[in-house]
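Hi everyone, thanks for coming. I'd like to walk you through one structure today, so have a look at it while I talk.

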Amino acid sequence: MSEEETHMTFEAARQCLLQLKKRLNAELLGQEAVVDQVLIALLSNGHVLIEGVPGLGKTLLVRTLAECFQGAFKRIQFTPDLMPADITGHVLYDMKAAQFRMRKGPVFTNLLLADEINRSPAKTQAALLEVMQEKQVTLEGRAAAIPSPFMVLATQNPIEQEGTYPLPEAELDRFLMKIFMDYPNHADEVALTQKITTGHADDLEAFSHNGAIISAAQISALQGLAADIAVDAQVFDYAVRLVRATRDSAAIQRGAGPRACIGLIRCARAQALLHGSDFVLPDDVKNMALPVMRHRIALSPEMEIDGLNADQVLGPLFSAVEAPRA
Amino acid sequence: MDLSRISVVVRMRSARQAIDLGFVMACAWWKPLFLSWLIPSALLYFLLTVLFHHQSWVAIWGVWWFKPLLDRAPIYIAGQALFDVKTSPLQCVKALPQLYKSDCLPWLTWRRLSPSRSYDLPVTVLEKLKGKARQSRLRQLHRENANAAICLTMVCIHLEWLLTLGAVGLALLMIPEEINVASQAWFVPQEGPMLWVQSLLSYFAMAFVAPFYTMAGFALYLSRRIDLEGWDIEIRFRHLAAKQARKPAAGLAAACLICFFAGPSFFDPPVWAAEISAQNKGPKSGSASSRAPEYERVKKQILEILAGDDFHKPVMTQGWRLKKRDAENPNGAALPEWFIRFVEFLEQNNAGPNRIAAWFGRGARVLEFLMWSGLAFLTLYLLLRYREGLEAFARNAAAKKQQGHPPNRLFAPDVRPESLPEDVPTQVRRLWQRGAARPALSLLYRATLSKLMHIGDFVFHEGHTEGECLAIVKQSGEAALCDYTMRLTLLWQALAYGHHAPQSEAVEALLTQWEALFQHGQ
């Protein structure tokens with residue numbers, strides 16, 4: 001690993017991120033906000049839960065992101081009969097070598113796509129708890145480290161409810177952000193349709209395979225750089241006040257915890273870096289508040305009955321929080 | 001007929017109550033009734049059995065056919081017993097020929113299958129009516145209780161059959177199982193002694209049912225006569241006459257009433273029946289015409305007594321009722337009674353105008369106190385009752401007021417125009433030259449926001465960040481204002497959150513542009 005890779009200048013980081021954004025947006029048309037948020041999660045060393053109807057390019061986004069840097073990419077299709085060992089791996093006895101040998105599961109990778117994560121029962125989902133938080137897997141009492149950077153991108157379908165298992169709170173809290181993936185607008189959908197159907201018999205052929213543009217070490221360097229983005233004390237205070245506002249509202253049964261404060265500042269830093277700024281603005285915090293906190297709260301039964309979702313409750317709540325006073 | 005000696009309670013009864021009374025009478029006088037029916041019928045049964053001993057059905061059929069005659073003796077005995085007259089067997093035997101002879105042929109021929117026999121027989125046996133008089137009487141009687149009498153006949157027919165079959169069934173139950181008996185031959189015998197056994201059982205069933213049947217019909221007849229002739233009223237008058245016997249006038253009236261009502265006898269047809277009979281028979285009868293002057297005299301006496309003081313005792317009643325104003329005040333212009341009393345009260349108490357005013361004043365003060373107290377209590381109650389809604393309303397009103405008027409403080413600094421120096425650029429330059437970069441730029445940003453809110457009518461909330469304020473200004477489309485606000489916001493954000501001090505030239509340029517935008521614009 002070269003010195004240039006481990007210590008990246010701010011300008012170099014900005015250029016690198018611009019290339020990354022450009023590449024991703026070129027492949028995934030009409031999802032700029034989602035691309036930004038996924039990159040923010042990557043820079044924040046966090047995991048994302050992507051919720052969207054099928055066919056919006058969730059898998060394509062993860063696959064393209066993995067191709068953008070020289071890292072490993074694994075995919076797990078969560079099914080009702082998936083076992084925890086199918087994710088983490090297991091230890092087996094090698095008859096030839098006359099010793100136990102660890103068979104690593106798909107979590108030993110840089111980017112892990114947990115497709116339709118809510119189709120597996122809670123015990124299988126819980127297999128990700130340790131690896132998401134500790135970046136390690138314990139097998140037969142021995143902890144095995146996961147390669148860095150490590151990022152879990154889980155997807156779930158918001159429509160289907162039958163045969164699905166809602167993610168437990170502990171699991172949800174380990175996702176740095178919950179990203180809503182919506183339909184692209186008309187112009188982007190036209191371009192997307194034209195790109196995929198013209199001259200390509202298979203959908204996958206339509207996507208370019210231009211190779212990596214960033215290394216895993218550079219990703220780690222970018223993460224380090226994001227962690228050094230300046231944050232004023234008032235911005236810290238603002239972030240905490242936003243999180244605490246969720247605990248005082250009658251519309252919310254369970255507010256966000258301290259991990260939300262940490263995640264919010266990390267994301268705000270990453271967004272500042274992504275925008276080419278070396279300091280965090282209150283706007284960065286406010287922009288990241290919804291994706292960071294929408295999955296960490298539980299609405300009160302009255303709000304559920306009224307058919308309101310977390311965004312509809314949190315939006316007015318955040319608007320009422322006083323912005324930082326300089 | 002002496003109604004005072006009647007042995008049943010004389011009152012109006014429904015048909016079912018009357019039948020019930022008949023059954024009670026049958027139980028009470030069971031022995032004479034049963035024997036009076038059994039002995040003649042037994043003789044007849046024996047005679048027919050002897051005469052037609054090869055045909056067992058003739059005996060039972062003969063008894064059944066002669067039922068209209070056999071039922072007469074019980075009715076006769078009951079008619080006597082009703083008024084506490086005991087009938088000896090000898091008397092009964094002596095009366096039988098007369099009883100059987102009366103209207104014998106019709107009852108054994110075309111009236112034999114009459115379903116209301118028990119109800120109609122007393123007319124023949126007790127009233128001895130025949131022909132049209134009897135028909136008129138029956139029409140009168142049949143207006144009530146006829147259906148009940150028919151139902152009674154149907155029930156009793158079935159009861160006779162049930163008793164007969166029940167007796168056969170009981171006998172079969174008594175036979176041990178080891179003995180094979182053709183049960184069907186017992187119930188429907190074709191030949192042999194079983195025919196006689198069944199005939200005998202049928203006869204006893206008829207004998208058992210007959211007293212009940214005849215007494216129930218007689219009770220229906222009795223009830224109908226009480227209803228028609230007012231026996232219960234007559235008994236009341238008798239009691240009244242006994243009480244008023246000491247007073248000559250009242251005693252006379254009571255005596256007249258008794259005469260009026262007690263004229264007919266139980267065993268004679270009633271008055272109206274006699275009148276009908278007289279009309280039918282012509283001048284031979286003449287009982288009604290002979291009684292007419294007596295009735296006129298009695299009627300006259302009754303009217304005289306009713307017009308006397310005994311029936312016109314004045315009674316004084318007191319109570320409140322509405323006055324008939326129109327009758328009292330035909331002109332309708334008279335003063336109301338209460339007002340007259342009020343004026344009289346004032347006159348009696350020598351109340352002059354001053355006293356009246358003082359009196360009204362005291363009342364008004366009390367009334368005022370009560371009203372104010374009530375208002376205070378009502379206000380307090382409403383405040384407590386709707387405190388949550390009022391708090392919400394106050395919050396909304398404050399929020400609306402905030403929307404309508406620019407906030408005084410935004411992002412901590414005071415943005416009211418009066419809180420800002422008159423010459424903002426000069427003050428900013430002075431601070432900048434002193435090295436107080438943050439206060440200088442803060443003042444400039446605060447003054448800019450103040451101008452935007454109070455002059456440009458932009459609405460900023462406390463929750464708006466600097467970036468959101470800039471976005472609001474950009475929505476206005478004013479290029480110069482947007483450009484200036486953007487440059488100032490970026491400088492301010494870099495200083496406030498990035499701690500990057502701006503260049504002096506940039507600050508000076510902003511000040512110069514501020515003067516052009518806001519000071520000259522004023």
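**Helices and salt bridges**

Let's begin with chain B, which has 25 helices and 0 strands. Keep in mind that this is a predicted model. Chain B has 522 residues, and 38% of them are buried. Its exposed surface comes to about 32,200 Å², with 62% of that supplied by carbon and sulfur atoms. And if you take the contacts in chain B with a separation of 6 or more, 71% are between residues 24 or more positions apart.

Okay, let's zoom in on helix H1 of chain B, residues 15-28. H1(B) has 14 residues and reaches 20 Å from its first C-alpha to its last, close to the 20 Å you'd expect at 1.5 Å a residue. So which residues of H1(B) are buried? They are B:Ala18, B:Ile19, B:Leu21, B:Gly22, B:Met25 and B:Ala26. These cover an arc of only 155° around the axis, so they sit on the same side of H1(B). Over on the other side of H1(B), you'll find B:Arg16, B:Cys27 and B:Ala28 exposed. What covers the buried residues? In chain B, the cover includes helices H2, H5, H10 and H12.

Now hop over to H2(B). This one has 22 residues and reaches 31 Å from first C-alpha to last, close to the expected 32 Å. Its buried residues include B:Phe34, B:Trp37 and B:Tyr45. The buried residues of H2(B) pack against H1, H3, H4, H5, H6 and H12 of chain B.

On to charges. Side chains of opposite charge can pair when their charged atoms come close. A search of the whole structure finds 26 salt bridges over all chains, and I've picked three.

In the first pair, the side chains of A:Arg75 and A:Asp115 meet at 2.5 Å, N to O. A:Arg75 lies in strand E2 of chain A and A:Asp115 in strand E5, so this salt bridge ties together parts that are 40 residues apart in sequence. Buried or exposed? A:Asp115 counts as buried, at 7% relative accessibility, while A:Arg75 is partly exposed at 40%.

Next up, A:Arg241 and A:Asp237 form a salt bridge at 2.8 Å, N to O. Both lie in helix H11 of chain A, 4 residues apart, about one turn of the helix.

Last one: B:Arg225 and B:Glu229 meet at 2.9 Å, N to O, in a salt bridge. They're both buried. Salt bridges with shared partners join these two with B:Glu127 and B:Arg137 into one network.

How values were computed. Residues numbered from 1 in each chain as written. Chains lettered and ligands numbered in written order. Predicted model: local features only at pLDDT ≥ 70, side-chain atom pairs only at ≥ 80, totals over all residues. Heavy atoms only, no water. Helix = DSSP H or I, 4+ residues; strand = E, 2+ residues; numbered from the N terminus. Expected span 1.5 Å × (residues − 1). Buried < 20%, exposed > 50% of the residue type's maximum accessible area, 1.4 Å probe, protein only. Arc of directions from axis to C-beta. Contact = heavy atoms within 4.5 Å. Areas by Shrake-Rupley, 256 points an atom, 1.4 Å probe, with all protein chains shown as cover. Salt bridge = Lys/Arg side-chain N within 4 Å of Asp/Glu carboxyl O.
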